[in-house]
Amino acid sequence: MVVDPAPAQAAADAPVTSQIVALVSAGVATSRADLARELGVAPSTVSARVTELIDAGVLDEGGAGESRGGRRPRLLRLRPEGGHVLAADLGGTHARLGVMSLTGRLGAVREVPVEIAAGPEAALAAVLAEGTDLAAPFAPASVLRGLAVGLPGPVDVETGRVESPARMPGWNGFPVREWLAERAGVPVLVDNDVNLMALGEHFSYGRRVQHSVTVKAGSGIGSGLIASGRLHRGATGAAGDITHSRVSAAGEIPCSCGKLGCLETIASGAAIVRQLRARGVDVATTADVVRRARDAEPDATTLVREAGRHLGEVLCTVVNFVNPDAVFLGGALSTLEPFVASVRSQLYEGCHPLVTKNLVITRATTGPEAGVIGAGRLVVQHVLADPGAYLLHD
């Protein structure tokens, strides 16, 4: 698991127990001696807290590390069986669920049909039931420690509520976090699905990057921004909402947001479906578009290529402004080479040469698991940041 060292740095004023877990999970400290040196506290204090964590099943101690002139230290690690979290990534008609250990290992994964338009209670009840069933083989040896959910709409992460979503009837203002926490009995985090996808992709990439932009191009369009290793949500949680950027090529086409000429109306999977149907082509979903484009059907391929060009034009402004190390392209449309090639071409044409000099532009490597990985990583770090509250009172 690639762990952002920020939790360890930010834990300076947290209880010693929390700092110990953060340092061990980040790989900064692997022994009691390391912990005493990093924390600047007495070895006896570290020893007492480590013993508590071992007794609670959070840490394990065994094996021998390198000697620094004395006896070889025993190595500390988070126990894989010390607990697990559930992660859910909801789309319009399905949810992808995963079980992640506190060490960051993704275990079982399942995709299930869930209708977001059925309303929050029905959709969330289905997610909770399926997630509980998915995690059943891990119990009772491993305890559920937390739950994170990604939703395809704007989320106020402070309150855990959805705000003014499109195509999510009944969700506006619904207390998602409270509803789930009452039923699951564990800490719950709620965030936008593309933010979680950005986290999952950024920290799973093969080489270290500090700044990245992740785009999800499916039925709709969204993006997430990681700056200096941290998710950037913006003042109201709407950072990265490029789907409602006004583009001249869209003219006066009405958008789901109530405005006219948004990027979504000409560059999303839903837009391509609409355009193909207007040409008499029998398609109903983005998956139909992808299938026809893979079969090299001219109308589908042309519209997919144009969608990539329109997205690339909007991304030029984002990439010039942010100057990221990488742009990750995810979602169903990004599985198509004509789409990816058009985005890449526009970025190289429209961005400053210094911005594209070392820029990586690539398909998301985590595929459909990106949102689940990001959600799991987010809630694992949340739980490990305060083990006194979440891990020591079973």
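**Salt bridge, sheets and helix packing in a predicted model**

Q: Which side chain meets Arg37 in a salt bridge?
A: This model is predicted. In it, the side chain of Arg37 forms a salt bridge at 2.5 Å, N to O. Both partners sit in helix H3, residues 32-39, three residues apart, so about one helical turn separates them. The partner is Asp34.

Q: How many salt bridges does the structure hold?
A: Side chains of opposite charge can pair when their charged atoms come close. The pair Arg37 and Asp34 is one example. The total for the structure is 18.

Q: Which strands are the edge strands of the sheet E5-E4-E3-E6-E9?
A: This open sheet has five strands with mixed pairing. An edge strand pairs on one side only. Here these are strand E5 (106-113) and strand E9 (188-192).

Q: Which residue stands opposite Val149?
A: Strand E6, residues 144-151, pairs with E9 in the parallel sense. Five bridges join the two. The residue opposite Val149 lies in E9 and is Val190.

Q: At what angle to E3 does helix H14 run?
A: Helix H14 spans residues 370-385. It lies across E3, E4, E5, E6 and E9. Its angle to E3 is about 140°.

Q: Why is one side of strand E12 and of strand E14 left without a neighbour in the sheet?
A: The open sheet runs in the order E12-E11-E10-E13-E14, with mixed pairing. Strand E12 (230-232) and strand E14 (360-363) stand at the edges. One side of each is free of a neighbour because each has a single partner strand.

Q: Which residue stands opposite Val213?
A: Strand E10 (residues 212-217) and strand E11 (residues 221-227) run antiparallel. Six bridges join them. In E11, the residue opposite Val213 is Leu225.

Q: Which strands does H11 touch on packing against this sheet?
A: The direction of H11 makes about 160° with that of E10. Helix H12, residues 337-350, also packs on the sheet, touching E10, E13 and E14. The strands touched by H11 are E10, E11 and E13.

Q: Are H10 and H11 roughly parallel or roughly perpendicular to each other?
A: Helix H10 (residues 286-294) and helix H11 (residues 298-322) pack with their axes 8 Å apart. The angle is about 110°. Angles from 65 to 115 degrees count as perpendicular. The two helices are therefore roughly perpendicular.

Q: What is the handedness of the crossing of H10 and H11?
A: H10 brings Val289, Arg292 and Ala293 to the contact, and H11 brings Ala300, Thr301 and Val304. By class, four are nonpolar, one is polar and one is charged. The crossing is left-handed.

Definitions and conventions. Residues are numbered from 1 along each chain as its sequence is written. This is a predicted model: local features need pLDDT of at least 70, side-chain atom pairs count only at pLDDT 80 or more; totals for chains, interfaces and linings use all residues. Side-chain values use heavy atoms; hydrogens and water are left out. Axes are lines fitted to C-alpha atoms, for helices over the stretch in contact, and angles run from 0 to 180 degrees between N-to-C directions. Helices (H or I, at least four residues) and strands (E, at least two) are DSSP runs, numbered from the N terminus. Angles under 35 degrees count as roughly parallel, over 145 as roughly antiparallel, 65 to 115 as roughly perpendicular and the rest as oblique. A crossing is left-handed if the near helix is turned anticlockwise from the far one by less than a right angle, and right-handed if clockwise. Contact means heavy atoms within 4.5 Å. Ala, Val, Leu, Ile, Met, Phe, Trp, Tyr, Cys and Pro count as nonpolar, Asp, Glu, Lys and Arg as charged, and the others, Gly among them, as polar. Two strands pair if DSSP finds at least two bridges between them. A salt bridge is a side-chain nitrogen of Lys or Arg within 4 Å of a carboxyl oxygen of Asp or Glu.
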